[in-house]
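Me: Please take a close look at the largest nonpolar core. Set the scene briefly, then go residue by residue where you can.

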Amino acid sequence: MFRLAAVIVTALALAACTNPDDLEEKPVYLGNFNLGHNVVVAPNLTKGPASRDASKGEWIGVMKTAIDERFSRYDGDKLYHIGISLEGYVLAIPGVPVVASPKSALILNVTAWDDASQTKLNEKPELITVVESVSGRTVLGSGLTQSKERQMRNLTRNAAKLVENWLVSQNNEHGWFEADGRPAKEKNDILGNRVMDTEASDGTADVTDDPAGEAGAAPGASSDAAAAAAAAAVVLEEPEVAPLDEDG
């Protein structure tokens, strides 16, 4: 728990903004990408301090939904799999003084797979950290204004956006989703500038390799190595959201 708190504190100091509310817009260019398997696991999931409870099953379900809604928009001609291991979370609780108001956060490791070659595109998992921003509805902590379900939905939607940003940056730099393997940024002129720069992280986490093979994080991936790598983690601030309906 101490390590998770340290990761979140570090992440708050590195916050950057990205808008996840673009699902109705044309997807950013991602070569021949077509989502195959959407695998989410949580073998090492740790609840941080001053947090509401959420089960592994709840987190897996909402994270899979967020990945599906973002990546099902792509209709490329080659299948790729996304594996996610959920490592830690904080869901801000109500009733905490302003000076100690917690921030909601989610930490995950991501691995991308090429279906045709049955190989990982990144040998080490990409560490992503999502932290809520201060807004009119969260200045006192989102626990006072949002249900647990809304907090989880916001965090996972933001995480899915950061996964997309990371994949786009890898395609731009390394041609992950290009038939000829050339970096997509080299084709800007040919593609009519559809290849876009993103705010994705440069910092792939120096965590353990993935002997579990399925979702990019084996037991122990959320240990000291993950905490030490947090300084390089990607951080996304949650956008202000509309008031909840009666169903939360």
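Reply: Helices here are DSSP runs of H or I with at least four residues, strands are E runs of at least two, and both are numbered from the N terminus. On that basis, this predicted model has four helices and seven strands in its protein chain. Their order along the sequence is α-β-β-α-β-β-β-β-α-α-β. Of the chain's 248 residues, 52% are buried.

Now the core. In soluble globular proteins, nonpolar side chains tend to be buried together. Here the largest nonpolar core holds 37 residues. Phe33, Trp59, Met63, Phe71, Ile82, Leu86 and Leu167 touch the most other members. Six elements each give at least two residues: strands S1 (33-41), S3 (78-90), S4 (105-114) and S6 (126-131), plus helices H2 (56-71) and H3 (148-174). H3 provides the largest share, nine residues.

Take Phe71. Leaving aside residues up to four places away in sequence, Phe71 touches Leu30, Phe33, Leu35, Ile82, Ala160, Val163, Glu164 and Leu167. One of these, Glu164, also belongs to a salt-bridge network with Asp22, Arg70, Arg73 and Lys161.

Strands S3 and S4 both feed the core, and a salt bridge links them too. The side chains of Lys78 and Asp114 meet at 3.0 Å, N to O. Lys78 lies in S3 and Asp114 in S4, so the pair ties together parts 36 residues apart in sequence. Lys78 is partly exposed at 27% relative accessibility. Asp114 is buried at 9%.

Across the chain, contacts with a separation of 6 or more are 79% between residues 24 or more positions apart.

Definitions and conventions: Residues are numbered from 1 along each chain as its sequence is written. This is a predicted model: local features need pLDDT of at least 70, side-chain atom pairs count only at pLDDT 80 or more; totals for chains, interfaces and linings use all residues. Side-chain values use heavy atoms; hydrogens and water are left out. A nonpolar core is a set of buried Ala, Val, Leu, Ile, Met, Phe, Trp, Tyr and Cys residues joined through side-chain atoms within 4.5 Å. Buried means under 20% relative accessible area, exposed over 50%, partly exposed in between (1.4 Å probe, protein chains only). Contact means heavy atoms within 4.5 Å. A salt bridge is a side-chain nitrogen of Lys or Arg within 4 Å of a carboxyl oxygen of Asp or Glu.
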